[in-house]
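Student: Could you take me through this entry and show me how each feature should be read?

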Amino acid sequence: MARGLPHGRPHPRPVTVLTPNSAKKFILDNTALMAPPHVPEILLHLADEAHELWLRTEDDLAEIGLPPPFWAFAWAGGQGLARYIIDNPSTVRGKRVLDFASGSGLVAIAAAKAGAAEVTAADIDPFCTTVIALNTKANEVEARFLGANCIGTDAGWEVILAGDVFYDKPLADQLIPWFAALKARGADILVGDPGRSYLPKTGLEPLAVYEVPVTRALEDAEVKRTTVWRLA
């Protein structure tokens, strides 16, 4: 008698576990190339209500080996920061730029379009290397991907861009002294933030304010008032 599952128990559904190298087809199947509403100059592979990715729970994603896909959405802080960079290209033109917690690569792409000499898109999610490669190609720009925790490091970046990074206290507690150290040696630090809980209350100079259209399911609002700040 052939061995198998106990009688009456269904066969398990085979699960294909994704890796960053095998993720390209999954990303293309679960997103569409579209422009974020506040930055129509840029195209990104994003998920919306029409895509199965939108409906999957974190448990579903974990089963296939995918961390929460923050890269599949254009968050308000990143949209505001990208808008500012495109409208004020002298901020990055000819400079070495780090886009910290890059996600989709939206802000890195804006910096490249604005004439940055070199752009590094950093994110600890290894799947971002595939996503950012797809998105930079779609926009005909280049950015180097750094898939490591770069907090506390200094590769000589002249401008550090950070969208939507002050949502978590332990992260904020690491970012504030790191940003201060980079600022002290001459780097320019710009933050895009729609009122996240752990944005510092002092030491920031407002540069621009935008009303950014967002998805209510993500942000509990249809528009988020988003400020671009410079570390003073």
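Tutor: Let us begin with accessibility, where a residue between the 20% limit for buried and the 50% limit for exposed is called partly exposed; Ala180, at 39% relative accessibility, therefore counts as partly exposed. This residue is found in helix 7, which covers residues 169–184. The C-alpha atom of Ala180 lies 20 Å in space from that of Asp123, with the two positions 57 residues apart in sequence. Please keep in mind throughout that this is a predicted model.

Student: What is the mean pLDDT of the chain, and over which residues does pLDDT stay under 50?

Tutor: The mean pLDDT of the chain is 90, and 93% of its residues reach 70 or more. The stretch where pLDDT stays under 50 is residues 1–14, for which the model has four contacts beyond four places in sequence.

Student: Where is the place of Asn139, and with which residues is Asn139 in contact when its neighbours within four places in sequence are left aside?

Tutor: Asn139 sits in the loop that links helix 6 (128–138) to strand 5 (144–146), and because its relative accessibility is 7% it counts as buried. Once neighbours within four places in sequence are set aside, the contacts of Asn139 are Glu41, Ile42, Leu43, Ile109 and Lys113. The C-alpha atoms of Asn139 and Met34 are separated by 11 Å, although the two residues are 105 residues apart along the chain.

Student: And is Glu140 buried or exposed?

Tutor: Glu140 is found in the loop between helix 6 and strand 5, where its relative accessibility of 74% is the reason that it counts as exposed. The backbone also deserves attention here, since Glu140 has a positive phi of about 55° although it is not a glycine. Asp164 offers another case of a residue that is not a glycine and yet has a positive phi, here about 60°. Asp164 belongs to the loop between strand 6 (159–163) and helix 7, and with a relative accessible area of 11% Asp164 is buried.

Student: How should I read the packing of two helices, and at what angle do helix 4 and helix 5 pack?

Tutor: In general, two packed helices are described by the angle between their axes together with the distance between those axes. In this structure, helix 4 and helix 5 pack at an angle of about 0°, and their axes are 9 Å apart. Helix 4 is therefore roughly parallel to helix 5. On the helix 4 side, Gly78, Gln79, Leu81, Ala82, Ile85 and Ile86 meet Leu106, Val107, Ala110 and Ala111 of helix 5.

Student: Which residues is Arg83 of helix 4 in contact with, beyond its neighbours within four places in sequence?

Tutor: Arg83 lies in helix 4, residues 76–87, and is buried, its relative accessible area being 10%. Beyond neighbours within four places in sequence, Arg83 is in contact with His38, Val39, Pro40, Glu41 and Tyr210.

Student: How many residues has the largest nonpolar core?

Tutor: The largest nonpolar core has 50 residues, and those with the most contacts inside it are Leu53, Leu66, Trp71, Ile85, Val92 and Leu161. Helix 5, residues 106–113, gives the most to this core, with seven residues. Leu66 touches Leu18, Phe26, Leu53, Leu61, Trp71 and Phe127, when residues up to four places away in sequence are not counted. A second core, separate from this one, has 24 residues and includes Ala122, Leu171, Trp178 and Val191.

Student: Finally, to how many aromatic pairs does the count come?

Tutor: Rings are paired when their centres lie within 6.5 Å, and by this rule the count comes to five aromatic pairs. For Phe70 and Trp75 the ring centres are 6.2 Å apart and the planes stand at 55°, so the pair is tilted. Phe70, at 52% relative accessibility, counts as exposed, whereas Trp75, at 23%, counts as partly exposed. Trp75 also forms an aromatic pair with Phe73, which is edge-to-face, at 6.2 Å centre to centre with 75° between the planes. Phe73 counts as buried, at 12% relative accessibility. Elsewhere, Phe100, Phe166, Trp178 and Phe179 form one aromatic cluster, and Trp178 is also one of the residues in the second nonpolar core.

Terms used: Residues numbered from 1 in each chain as written. Predicted model: local features only at pLDDT ≥ 70, side-chain atom pairs only at ≥ 80, totals over all residues. Heavy atoms only, no water. Buried < 20%, exposed > 50% of the residue type's maximum accessible area, 1.4 Å probe, protein only. Contact = heavy atoms within 4.5 Å. pLDDT = per-residue confidence, 0-100. Phe/Tyr/Trp six-rings, centres within 6.5 Å; stacked < 30°, edge-to-face > 60°. Core = buried A, V, L, I, M, F, W, Y, C linked by side-chain atoms within 4.5 Å. Axes fitted to C-alpha atoms, helices over the stretch in contact; angles between N-to-C directions. Parallel < 35°, antiparallel > 145°, perpendicular 65-115°, else oblique.
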